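The following exercises concern side-chain interactions in a protein model. Each task is followed by a solution in steps.

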Amino acid sequence: MLLEETCNLFIDMARKFLDPGSIFQIEVEEAADKVIRSQKNLKEFKKTFQKYKGKLATYFTEEKKPKTWDFQEVLVFKRFDSFQSRLNIISEFFTTAQQFQKLERVEIGGIRGKMLTNHVKKIYVEFGELYATFGMRTYDALNPKDKKFLRDYEKFNCKLFCLDRKLGAILSRAFEDCTESQSVFRLLHVFGGLVDRKLISLELS
């Protein structure tokens, strides 16, 4: 079917653009940007399909009965939707990586500032080691049928849980050392999007 072949064409183009062999080896910001751009194009294609499917009746004259698309949309878009779902997971992975990369430049002030900053640096190194393991894998993370990436990603999230707990504890101690509101806002700014992570947010709240 032509539409199904078109879906496959979009998938092939996205895969070529992202390059599964190097996606975890290039700079995090570049990889994240490429995934986001691919997601936007795929979403726009699906959105355009829905738009013109909804307007189908307007392409027929009043004398002619509209001929609807009676094919099973779920089957046509099965591989396309599966590929989109895998991209969503990879996008979350890179979002997390971008958040943790900010730790490289974190400097905490206050009474225990130097000690807490050293703890943050250790977490940054731990995360870097976790992230680096994906660059050594030989599987195709962009292939939804390949479950190896999902297994690695699950292990990654388990270890990330521990890092989030450590960061939450560090932030709480740093927060206690803040003597004025300006210090609090500076602290939150330094950690950026990390403070929105569930465990860290709960600790701070």
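A residue is called buried under 20% relative accessible area, exposed over 50%, and partly exposed in between (1.4 Å probe, protein chains only). The model is predicted: local features need pLDDT of at least 70 and side-chain atom pairs pLDDT 80 or more, while totals for chains, interfaces and linings use all residues. Residues are numbered from 1 along each chain as its sequence is written, and side-chain values use heavy atoms, with hydrogens and water left out.

**Exercise 1. Aromatic pairs**

Task: Classify the ring pair F100 and F127, and state where its members lie.

Solution.
1. A pair of aromatic rings is described by the distance of the centres and the angle of the planes.
2. Rings of Phe, Tyr and Trp (its six-membered ring) pair if their centres lie within 6.5 Å; planes under 30 degrees apart are stacked, over 60 edge-to-face, and the rest tilted.
3. The structure holds 21 aromatic pairs. In the pair of F100 and F127, the centres are 4.6 Å apart and the planes differ by 10°, which is a stacked arrangement.
4. Helices (H or I, at least four residues) are DSSP runs, numbered from the N terminus. Because F100 belongs to helix α4 (residues 78–101) and F127 to helix α5 (residues 113–135), the pair ties together parts that are 27 residues apart in sequence.
5. F100 has 0% relative accessibility and therefore counts as buried; F127, at 3%, is buried as well.
6. F149 and Y153 provide another case: with centres 5.8 Å apart and planes at 15°, this pair is stacked. Both residues lie in helix α6 (residues 148–177), four residues apart, about one turn of the helix, and both are buried.
7. Ring pairs also link a cluster, whose members include F24, F93, F94, Y131, F134 and F156.

**Exercise 2. Charges over rings**

Task: Determine which ring lies beneath the charged end of K46.

Solution.
1. A charge sits over a ring if NZ of Lys or CZ of Arg is within 6 Å of the ring centre and within 35 degrees of the ring normal.
2. The charged end of K46 is placed over the ring of F77, 4.7 Å from its centre.
3. K34 likewise lies over the face of F17, at 5.1 Å from the ring centre.

**Exercise 3. Salt bridges**

Task: Establish which parts of the chain are tied together by the salt bridge of D140 with R15.

Solution.
1. Side chains of opposite charge can pair when their charged atoms come close. The criterion is a side-chain nitrogen of Lys or Arg within 4 Å of a carboxyl oxygen of Asp or Glu, and it gives seven salt bridges.
2. Between D140 and R15 the closest N and O atoms are 2.6 Å apart.
3. D140 is in the loop between α5 and α6 and R15 in helix α1 (residues 2–18), so the pair ties together parts that are 125 residues apart in sequence.
4. D140 is buried at 19% relative accessibility, whereas R15 is partly exposed at 22%.
5. D81 and K46 form a salt bridge with closest N and O atoms 2.9 Å apart. This pair links distant parts of the chain, with D81 in helix α4 and K46 in helix α2 (residues 28–54), 35 residues apart.
6. D81 is partly exposed, at 28%, and K46 is buried, at 17%.

Terms used: Helix = DSSP H or I, 4+ residues; strand = E, 2+ residues; numbered from the N terminus.
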